[in-house]
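Please open the viewer and display the chain as a cartoon. The tour below proposes one selection after another.

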Amino acid sequence: MSHTIHEKQKLLNRVRRIRGQVDAIERGLQGGVGCAQVMHLIAASRGAMNGLLAEVVEDHIRTHLVDPVKHRGALDRDAADQLVDLVHSYFK
């Protein structure tokens with residue numbers, strides 16, 4: 001997945017933010033914060049993870065599925081845009 005190397009720093013920054021969110025969940029559980037706050041932290045972490053996945057999937061679509069020079073049966077740009085929109089709506 002060459003696009004992950006191209007976007008490596010951007011993806012690593014997102015992973016570090018997610019790690020910080022997961023650490024906050026752990027601290028909250030250890031510190032005995034309320035259930036509502038723990039659920040909020042979990043939901044935020046889950047949203048961040050979904051955002052990361054959506055970004056990697058979008059990059060994969062645009063890098064590996066749209067280029068007709070590399071792939072004979074490649075999607076056209078409109079189809080790729082529709083697929084990316086679907087991915088983003090699914091992971092919200």
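Which pattern does the chain follow when read along the sequence? The pattern is α-α-α-α, with four helices and zero strands; helices (H or I, at least four residues) and strands (E, at least two) are DSSP runs, numbered from the N terminus.

This is a predicted model, in which local features need pLDDT of at least 70, side-chain atom pairs count only at pLDDT 80 or more, and totals for chains, interfaces and linings use all residues. Residues are numbered from 1 along each chain as its sequence is written, and side-chain values use heavy atoms, leaving out hydrogens and water.

Colour the chain by pLDDT, the predictor's confidence in each residue, from 0 to 100. The chain average is 86, and 87% of the residues score at least 70. Select residues 2-6, helix H1, where confidence is lowest, at a mean of 62. Then select residues 8-31, helix H2, where confidence is highest, at 95.

Keep H2 and add helix H3, residues 35-65. Their axes (lines fitted to C-alpha atoms, for helices over the stretch in contact) come within 9 Å and cross at roughly 165 degrees, an angle between N-to-C directions on a scale from 0 to 180 degrees. H2 is therefore roughly antiparallel to H3, a term for angles over 145 degrees.

Next, show side chains where the two helices are in contact (heavy atoms within 4.5 Å). In H2, choose residues including Leu11, Ile18 and Ile25; in H3, the residues met by H2 include Leu41, Ala48 and Leu52.

Finally, show the surface of the whole chain. Of its 92 residues, 21% count as buried, that is, under 20% relative accessible area with a 1.4 Å probe, protein chains only.

How values were computed. Buried < 20%, exposed > 50% of the residue type's maximum accessible area, 1.4 Å probe, protein only. Parallel < 35°, antiparallel > 145°, perpendicular 65-115°, else oblique.
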